[in-house]
Amino acid sequence: MTDTTKYEALKLENQLCFPLYAASREVIKKYRPYLDELRLTYTQYIAMMVFWEEKKISVKALGKKLFLDSGTLTPVLKSLESKGYVIRSRSKEDERVLDVEITEKGEALKELAVCVPQSVAGCVKLDADEAVQLYQLLYKLLGTLKDG
């Protein structure tokens with residue numbers, strides 16, 4: 001093995017992780033102007049998306065859905081609670097479980113956020129078939145990494 005081939009795997013252009021990382025950062029940048037209007041970070045926004053759908057969820061279940069640990073979620077939830085969008089409380093069934101529930105103010109935010117996905121989608125230059133294929137491949141990848 002020559003030095004050229006020996007270190008081929010270390011080239012940035014040969015890494016799957018790099019375009020995933022860079023694309024993620026660039027897409028999240030596209031969200032910023034829309035989320036700034038809502039006074040939300042991207043992580044707060046994706047958490048709110050879960051609350052709009054679920055209404056009430058445990059911190060553990062939220063972390064699983066968002067692929068985030070409790071150390072990352074705690075400041076996000078504290079901030080959302082201070083804005084009046086959610087309420088955190090101990091589960092009545094099990095005191096060890098922390099539940100988070102959306103408030104009326106949090107529900108009202110949904111109306112302001114409804115245009116965000118379409119606005120950002122307009123920034124992503126993929127046709128519908130490419131977008132579906134990418135979505136499926138990314139979730140397939142997430143599934144293999146989560147289980148492995």
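Guide: A salt bridge is a side-chain nitrogen of Lys or Arg within 4 Å of a carboxyl oxygen of Asp or Glu. In this predicted model, a search of the whole structure finds six salt bridges.

Visitor: What makes Lys55 and Glu107 a salt bridge?

Guide: The N to O distance between their side chains is 2.6 Å. The cut-off is 4 Å, so the pair qualifies. Lys55 belongs to the loop between α3 and β1 and Glu107 to helix α6, so the bridge ties together parts that are 52 residues apart in sequence.

Visitor: Why are Lys55 and Glu107 called partly exposed?

Guide: The relative accessible area is 34% for Lys55 and 25% for Glu107. Buried means under 20% and exposed means over 50%, so values in between count as partly exposed.

Visitor: How do you know that Glu26 forms a salt bridge with Lys29?

Guide: Their closest N and O atoms are 3.1 Å apart, and the limit is 4 Å, so the criterion is met. The two residues are three apart in helix α2, which separates them by about one helical turn. Glu26, at 42% relative accessibility, is partly exposed, and Lys29 is partly exposed at 39%.

Visitor: What makes Glu81 and Arg88 a salt bridge?

Guide: Their side chains meet at 2.9 Å, N to O, and the pair therefore satisfies the 4 Å criterion. Glu81 counts as partly exposed at 27% relative accessibility, and Arg88 does so at 25%.

Visitor: How many aromatic pairs does the structure hold, and why is the pair of Tyr31 and Tyr42 called edge-to-face?

Guide: There are four aromatic pairs. The ring centres of Tyr31 and Tyr42 lie 5.2 Å apart, with the planes at 65°. Pairing requires centres within 6.5 Å, and planes over 60 degrees apart count as edge-to-face, so both conditions hold. Tyr31 is in helix α2 and Tyr42 in helix α3, so this pair ties together parts 11 residues apart in sequence.

Visitor: Why is the pair of Tyr31 and Tyr45 called tilted?

Guide: Here the centres are 5.7 Å apart and the planes stand at 50°. That angle is neither under 30 degrees nor over 60, so the pair is tilted. Tyr31 in helix α2 and Tyr45 in helix α3 are 14 residues apart. Together, Tyr31, Tyr42 and Tyr45 form one aromatic cluster.

Visitor: Why is Tyr31 called buried, and Tyr42 partly exposed?

Guide: Tyr31 has a relative accessible area of 14%, which is under 20%, so Tyr31 is buried. Tyr42 has 27%, which falls between 20% and 50%, so Tyr42 is partly exposed. Tyr45 is buried.

Visitor: How do you know that the buried residues of α4 are on the same side of the helix?

Guide: In α4, residues 59-66, the buried residues are Val59, Leu62, Gly63 and Leu66. They cover an arc of only 100° around the axis, which puts them on the same side of α4. The face turned away from this buried side carries the exposed residues Lys60 and Lys64.

Visitor: What covers the buried residues of α4?

Guide: The cover includes α3, β1, α5 and β3.

Visitor: Which residues of the largest nonpolar core touch the most other members?

Guide: Of its 27 residues, they are Leu40, Tyr45, Met48, Phe51, Leu62 and Leu80. The largest share of this core, seven residues, comes from α3. Leaving aside residues up to four places away in sequence, Met48 touches Leu40, Leu80, Tyr85, Val86, Ile102, Gly106 and Leu109.

Methods: Residues are numbered from 1 along each chain as its sequence is written. This is a predicted model: local features need pLDDT of at least 70, side-chain atom pairs count only at pLDDT 80 or more; totals for chains, interfaces and linings use all residues. Side-chain values use heavy atoms; hydrogens and water are left out. Buried means under 20% relative accessible area, exposed over 50%, partly exposed in between (1.4 Å probe, protein chains only). Helices (H or I, at least four residues) and strands (E, at least two) are DSSP runs, numbered from the N terminus. The arc is that of the directions from the helix axis to the C-beta atoms. Contact means heavy atoms within 4.5 Å. A nonpolar core is a set of buried Ala, Val, Leu, Ile, Met, Phe, Trp, Tyr and Cys residues joined through side-chain atoms within 4.5 Å. Rings of Phe, Tyr and Trp (its six-membered ring) pair if their centres lie within 6.5 Å; planes under 30 degrees apart count as stacked, over 60 as edge-to-face and the rest as tilted.
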